[in-house]
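Hi everyone, thanks for coming. Could you pull up the model on your screens while I talk you through it?

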Amino acid sequence: MYSVYNQLDRLDVCIVGRCYGRNRIEDETNEDLANLQSVLETQFGVTVLRPTNDSNMLQQVITPRDYIGMIGNTLYVETYNSFWNDFRGPDWPMDAPITPYDWKLCKQRDELVNMFGVRSLKDLHKYEYQNVKAIIDSLDNPKVFDQKIDTAMTCRLGDTLIVGTWPHFDYPARVRELYPNHTIYVVDSEGHLDGTICVVNDSLIVVRDDTPVDIPGFETFYLKQTQHTGNPETYFDLNMLVVDRNNILCMSENEALFKKFEEHNITPHIVPFRHNTHWDAGLHCVTADLNRININIERENRDAKTHP
């Protein structure tokens with residue numbers, strides 16, 4: 001059974017996203033994602049899982065972290081019905097109905113209705129998540145659907161969780177309800193937490209320069225953003241993937257940040273993601289960690305086998 005209790009532990013298994021490859025941007029994105037997979041596998045021994053690439057499905061899984069999150073040994077799977085559940089009154093139907101608003105951005109709505117008999121958003125998510133269904137089904141972890149919990153919004157540090165905020169949804173309250181015995185710190189991210197902070201080791205947090213953060217025991221390094229889409233949520237330079245406490249993957253070099261990494265004995269590895277502004281995503285977004293190994297526990301287990 002996989003687990004992620006602390007996202008600073010050694011990365012062992014993760015998902016890397018995929019897109020269809022129907023144009024130059026998608027082709028180059030797939031090249032970059034394949035390169036990311038190669039770096040993880042060959043340099044760090046990570047097992048990489050990939051979504052299927054069925055162009056008949058509605059949703060490309062570029063950012064699996066937005067849909068799937070491992071907290072402890074519980075796998076959270078976010079679906080369209082999770083949003084309906086947030087607002088559904090006691091006498092409302094269980095399934096979100098199809099309305100013009102629901103479908104206004106879905107050009108394939110008529111085809112979906114005619115071909116697949118989709119009559120509700122719950123029906124729709126079965127097709128939208130088909131591209132990651134094989135991965136979900138292969139895991140023997142407890143699975144929780146429709147709780148609107150993901151690891152783009154939740155930083156896992158053992159018994160401590162750092163969570164972000166949404167403008168119209170009390171995400172911290174939901175996490176406190178699910179994890180009443182954890183210490184929970186709230187960062188006013190007003191969007192995905194991984195676009196606002198990155199905890200890179202046990203003593204350093206990188207934070208966007210317009211968000212005050214004070215987490216006990218951590219030095220805070222405020223990062224001035226050099227690349228953006230006009231979306232204030234997205235700070236690409238800090239959307240990094242921690243491999244372990246001494247290695248981190250970054251999309252580009254940042255002299256001030258890399259100097260701070262050197263002070264903390266962290267080695268940055270540059271893995272380009274050329275169309276990050278197009279997808280509004282960085283290396284943390286396009287991955288989802290499913291298993292991390294605590295090296296101290298790993299060493300203890302190895303020593304126990306060597307010296308029974």
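I'll begin with the whole chain and then turn to one sheet.

A word on ground rules: this is a predicted model, where local features need pLDDT of at least 70, side-chain atom pairs count only at pLDDT 80 or more, and totals for chains, interfaces and linings use all residues. Residues are numbered from 1 along each chain as its sequence is written, and side-chain values use heavy atoms, with hydrogens and water left out.

So, what is the protein chain built from? There are 10 helices and 15 strands, taken as DSSP runs numbered from the N terminus (helices H or I, at least four residues; strands E, at least two). Of its 308 residues, 52% are buried, meaning under 20% relative accessible area with a 1.4 Å probe, protein chains only. The accessible surface is about 15000 Å², and carbon and sulfur atoms account for 49% of that; the area comes from the Shrake-Rupley method with a 1.4 Å probe.

Now the sheet. It is open, with 3 strands in the order 12-13-14 and mixed pairing; two strands pair if DSSP finds at least two bridges between them. Strand 12 (241-244) and strand 14 (267-270) form its edges, each pairing on one side only. How do strand 12 and strand 13 pair? They run antiparallel over 3 bridges, with strand 13 covering residues 247-250. In strand 13, Leu 249 is the bridge partner of Leu 241.

Finally, helix 1 (residues 24-44) packs on this sheet and touches strand 12, strand 13 and strand 14, contact being heavy atoms within 4.5 Å. Thanks, everyone!

Technical notes
Buried < 20%, exposed > 50% of the residue type's maximum accessible area, 1.4 Å probe, protein only. Axes fitted to C-alpha atoms, helices over the stretch in contact; angles between N-to-C directions.
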